[in-house]
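Subject: Structure handover

Hello,

Here is the structure I promised to pass on. Please open it alongside this note. My findings follow below.

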Amino acid sequence: MFVLCNQNKELVSYRAINRPDITDTEMETVMDTIVDSLFCFFVTLGAVPIIRCSRGTAAEMVAVKLDKKLRENLRDARNSLFTGDTLGAGQFSFQRPLLVLVDRNIDLATPLHHTWTYQALVHDVLDFHLNRVNLEESSGLENTPAGARPKRKNKKSYDLTPVDKFWQKHKGSPFPEVAESVQQELESYRAQEDEVKRLKSIMGLEGEDEGAISMLSDNTAKLTSAVSSLPELLEKKRLIDLHTNVATAVLEHIKARKLDVYFEYEEKIMSKTTLDKSLLDIISDPDAGTPEDKMRLFLIYYISAQQAPSEADLEQYKKALTDAGCNLNPLQYIKQWKAFAKMASAPTSYGNTTTKPMGLLSRVMNTGSQFVMEGVKNLVLKQQNLPVTRILDNLMEMKSNPETDDFRYFDPKMLRGNDSSVPRNKSPFQEAIVFVVGGGNYIEYQNLIDYIKGKPGKHILYGCSELFNATQFVKQLSQLGQK
């Protein structure tokens, strides 16, 4: 996964690209920034991609400019950055990669969606940036005497890196599974720790105990191995503490905001399944989530609806949202966007997904567990492809599909740039880069990882102009919707 701008990401944000008052020169600047970054990315990879993009979007502008920039660089063989020595060196030596450029506007529901996997949840509800998560821990007792100054909260930061085996293994797992795994790790750690303690106490015994003498010889070897495994044990302890703290912080949010209910309900909306509860009930429920959670839910409903709700219904929803303390600006923008895109006729479909609640995790429910998951549904994810993954699948596997048949095709290595949507090569691609113009998120990233697991020998990179969570996205929509 890669993200373009980290410093001045406002330059290439979703808001920057979709501002109604943007001038042509400003738009050129935004596009040039994205193209320059992508160009550097491909020089680093040492590969000239074949580019596919949807028509009539910002992604198409990026594709046209990138094709031109790559073509110009290749034309001058002496000064080309793609010279023979770098080209063969990359992992993409035998076949060129496919670059699929998609526009954020093809799927606005996913970035707003409440999520259920570990990494995406951490990004959604905690302060998680550049692989570092910052937590606030309240210190000491809560009930301070009246008039006393409240205790300062301790701030803790944890780095979630590829070296962390637990994170690598579980970042894409549904949250209840993560809680269970942390608990198992903790138990196995305690067992190892107890074994070291037991051996030490035996070694300390004096000679009068017959048993101790006979055990000494074989225990010396055991103790030696136990002591040598101490650094590993300490590292294990550090990771367990880290994930216990992070997972507990996530769990507090899930419980306080009923995020499991939101996740399940949104999945049903997006997959057009029958809803067991009315949307107004959730919006009006003072215990269910923050105003922002309610706004996200309603926006997903509005984006996914086959036909927009009637004016009378919309007024009723607006009143409920306002009563719940929501800012209606994002809705204002989505309304304009939907009218402009005439999306009402063909909204993006999200596959027929069903998340089914399983019986509660018996082990995690034990009182001895750190994680009391009572009241939290244990939802199991059924693999379904999100729009971005579906588009990639069609283009990578050369499938014919109305969704992607009209995508433009660029090959910067061809001498004459001929504009066509007819791909010249017919064999499926082994490597692909999906790049979302207008911002990406961990939900899509995880969906692509799950998709590629079933395709041995294939590689995918996911890139985006900025990486945002739902809060940051709603904020941008709100700015766009301001009158």
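I began with enclosed space. The count comes to two cavities of 30 Å³ or more. Please keep in mind that this is a predicted model.

The largest cavity holds about 80 Å³ of space. It is lined by 13 residues, and the closest to its centre are Ala120, His123, Asp124, Ile443 and Asn469. Six of the lining residues are nonpolar, five are polar and two are charged.

Which helices each supply at least two residues of that lining? They are helix 5 (118-125) and helix 17 (442-453). Helix 5 gives the largest share, with three residues.

Why does the largest cavity lie between two domains? Both of them give residues to its lining, so it lies between them. One is domain 1, which covers 2-107 and 411-481. The other is domain 2, made of 110-138, 155-202 and 223-256.

Next, the sheet. As background, strands of a sheet pair through backbone hydrogen bonds, either parallel or antiparallel. Here, six strands form an open sheet. Their order is 1-11-10-3-2-9, and the pairing is mixed. Strand 1 (2-3) and strand 9 (408-410) stand at the edges. Each has a single partner strand, so one side of each is left without a neighbour in the sheet.

Helices pack on this sheet too. Helix 16 (residues 387-396) touches strand 2 (50-53), strand 3, strand 10 and strand 11 (459-464). The direction of helix 16 makes about 145° with that of strand 3. Helix 17 touches strand 10 and strand 11. Its direction makes about 170° with that of strand 11. Helix 17 therefore turns up twice in this note: it packs on the sheet, and it supplies at least two residues of the cavity lining.

Now the strand pairs:

- Strand 3 (residues 98-103) and strand 10 (residues 431-437) run parallel, joined by six bridges. Leu98 has Ala432 in strand 10 as its bridge partner.
- Strand 10 and strand 11 also run parallel, and six bridges join them. Val436 is the bridge partner of Cys464 in strand 11.
- Strand 1 and strand 11 run parallel as well, with two bridges between them. Val3 stands opposite Cys464 in strand 11.

Cys464 is a handy place to start looking. It is partnered by Val436 and stands opposite Val3.

Best wishes

Key: Residues numbered from 1 in each chain as written. Predicted model: local features only at pLDDT ≥ 70, side-chain atom pairs only at ≥ 80, totals over all residues. Heavy atoms only, no water. 1 Å grid on protein atoms, 1.4 Å probe; cavity = no way out; pocket = protein on both sides within 12 Å on 5 of 7 lines; lining within 4 Å. Points joined across faces, edges and corners; volume = space filled by probe spheres on them. Helix = DSSP H or I, 4+ residues; strand = E, 2+ residues; numbered from the N terminus. Nonpolar A, V, L, I, M, F, W, Y, C, P; charged D, E, K, R; others polar. Domains from an automatic or database assignment. Pairing = 2+ DSSP bridges. Contact = heavy atoms within 4.5 Å. Axes fitted to C-alpha atoms, helices over the stretch in contact; angles between N-to-C directions.
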